[in-house]
Amino acid sequence: MKHPIELWVYLSASPLLWLTLTLFAWIAATTISVRLKRHPLANPVLITIALLSTTLWLFDVPYETFFEGAQFIHFLLGPATVAIAIPLYRQWQKVRQALIPMAAALVVGSFSAVLSIVLMGKWAGLSQDVLVSFLPKSATAGVAMAISSSLGGNPSLTAVLVVLTGIVGALVVTPLMNAMRIKDYAARGFAVGLTSHGIGTARAFDVDETAGLFAGIAMALNAIATSLIVPLLVRLVL
Amino acid sequence: MIKGIALLLLFQLLGESIVFTTGLPLPGPVVGLVLLFVAMQACKMLGLGLFAEAETAADGFLANLGLLFVPAGVGIVALWSQLQSQAGAILLVLVASAVLTLAITVWTFVIVRRLVGRE
């Protein structure tokens with residue numbers, strides 16, 4: 001018979017434990033979110049990250065150990081991006097009717113997302129390496145990390161900033177849009193998908209199907225736009 | 001379900017291959033998205049129903065999209081000691097940029113849609 005501590009030492013080093021915990025933390029977080037009627041503050045991504053980070057911190061588990069289990073989920077970001085083709089295909093009629101406003105909002109929005117970081121980041125005195133890792137933060141995680149590392153940034157830092165941007169956008173979008181009296185759910189969805197990629201898109205799908213679709217399209221388009229704009233601005237401004 | 005996931009992975013694979021060989025400045029999954037969309041449109045025109053299972057798999061992914069960002073987000077525990085000194089400034093810039101981007105994007109969309117609608 002082995003001591004329970006030995007079991008913990010064995011399990012905490014295995015991918016199985018962290019993958020299982022991540023899934024159950026997510027199930028718990030979505031249950032809380034649904035119970036609270038999808039209140040924006042009860043964001044399931046935020047709750048899950050808080051639960052898992054606290055666990056790692058309490059038990060002094062290195063992130064690398066956790067990631068060995070969680071990488072299986074991380075990997076699915078790729079096929080999930082491809083999956084956006086399906087809502088796009090289903091609602092193509094709606095999309096075609098909004099092509100011009102989408103193109104305008106994409107160009108203006110994508111530049112705002114990157115330029116605001118350049119200007120405010122310099123004003124706030126962020127170091128150069130943080131700034132470069134910060135720029136692609138509105139693109140979806142896989143894309144942003146690729147951009148960041150190609151420009152000499154820190155992809156892990158970029159990933160964290162991407163997720164934080166996603167959460168902040170998902171938290172503020174509903175109250176902000178209500179305060180601005182925007183009732184066009186296509187426009188609301190497009191804005192949150194452009195700003196907050198997949199996490200914003202998840203939030204938009206919780207609120208309204210049309211908003212979710214336009215968020216997904218904005219996320220796809222902004223992944224493209226950001227990978228074109230960021231290298232350009234780095235060359236010109238930084 | 002398995003066929004659906006295999007199809008999504010196949011299109012990501014095609015996307016990655018195209019980006020790798022052509023040096024296109026785009027992420028592989030984004031190219032895969034475009035390719036899958038075109039393939040689905042083509043199948044519709046030909047009256048083929050090849051992508052029913054891909055739709056099931058995609059619905060599953062999109063319903064749990066937030067989960068996929070969790071592993072990257074937990075990375076904050078690994079970076080915290082490094083970021084601590086700049087954490088306040090980073091958070092301020094991040095929130096301001098997000099609010100600004102949301103507002104500017106939604107305004108542009110709404111205003112341009114109205115202008116186009118009037119023609």
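This is a short tour of a predicted model, stop by stop, with a selection to make at each one.

Before starting, note that residues are numbered from 1 along each chain as its sequence is written, and that chains are lettered from A and ligands numbered from 1 in the order in which they are written. Local features in this predicted model need pLDDT of at least 70, side-chain atom pairs count only at pLDDT 80 or more, and totals for chains, interfaces and linings use all residues, while side-chain values use heavy atoms, with hydrogens and water left out.

**Stop 1: the annotated segments of chain A**

Select residues 7–29, 41–59, 71–89, 98–121, 155–173 and 211–234 of chain A, which an unreviewed UniProt entry annotates as "transmembrane region"; such annotations may be inferred rather than shown by experiment. Over residues 7–29 of chain A the chain is 91% helix and 0% strand, with 27 Å between the end C-alpha atoms, and over residues 211–234 of chain A it is 100% helix and 0% strand, with 32 Å between the end C-alpha atoms. Helices here are DSSP runs (H or I, at least four residues), as are strands (E, at least two), and both are numbered from the N terminus.

**Stop 2: a nonpolar patch**

Now select A:Val107, A:Val108, A:Phe111, A:Leu115, A:Leu119, A:Leu232, A:Leu236 and A:Val237, which form a nonpolar patch on the surface with about 670 Å² of accessible area together. The elements that give two or more residues to the patch are helix 8 (99–123) and helix 13 (209–237) of chain A, and the largest share, five residues, comes from helix 8 of chain A. Patch residues have over 30% relative accessible area and no salt bridge, and nonpolar side chains (Val, Leu, Ile, Met, Phe, Trp, Tyr) are joined within 5 Å; the areas come from the Shrake-Rupley method with a 1.4 Å probe.

**Stop 3: a buried residue in helix 13**

Stay in helix 13 of chain A and select A:Phe214, which counts as buried at 1% relative accessibility, where buried means under 20% relative accessible area, exposed over 50%, and partly exposed in between. Leaving aside neighbours within four places in sequence, A:Phe214 is in contact (heavy atoms within 4.5 Å) with residues including A:Met102, A:Phe190 and, from chain B, B:Phe109.

**Stop 4: salt bridges**

A search of the whole structure finds four salt bridges over all chains, each being a side-chain nitrogen of Lys or Arg within 4 Å of a carboxyl oxygen of Asp or Glu. Select A:Arg38 and A:Asp206, whose closest N and O atoms are 3.4 Å apart; A:Arg38 lies in the loop between helix 2 (15–35) and helix 3 (44–58) of chain A and A:Asp206 in helix 12 (residues 185–207) of chain A, so the pair ties together parts that are 168 residues apart in sequence.

Next select B:Glu55 and A:Arg90, a salt bridge with 3.0 Å between the closest N and O atoms, which crosses between chains from helix 3 (residues 52–63) of chain B to helix 6 (residues 85–90) of chain A. Adding B:Asp59 to the selection shows the network of salt bridges that links A:Arg90, B:Glu55 and B:Asp59.

Then select A:Asp184 and B:Arg113, which meet in a salt bridge at 2.8 Å, N to O; this pair also crosses between chains, from the loop between helix 11 (155–179) and helix 12 of chain A to helix 6 (residues 87–118) of chain B.

**Stop 5: chain B**

Finally, colour chain B by domain 1 (1–70) and domain 2 (75–119), with bounds that come from an automatic or database domain assignment. The C-alpha centres of these two domains of chain B lie 28 Å apart.

Notes:
Patch = residues over 30% accessible without salt bridge, like charges linked within 9 Å, V, L, I, M, F, W, Y side chains within 5 Å. Buried < 20%, exposed > 50% of the residue type's maximum accessible area, 1.4 Å probe, protein only.
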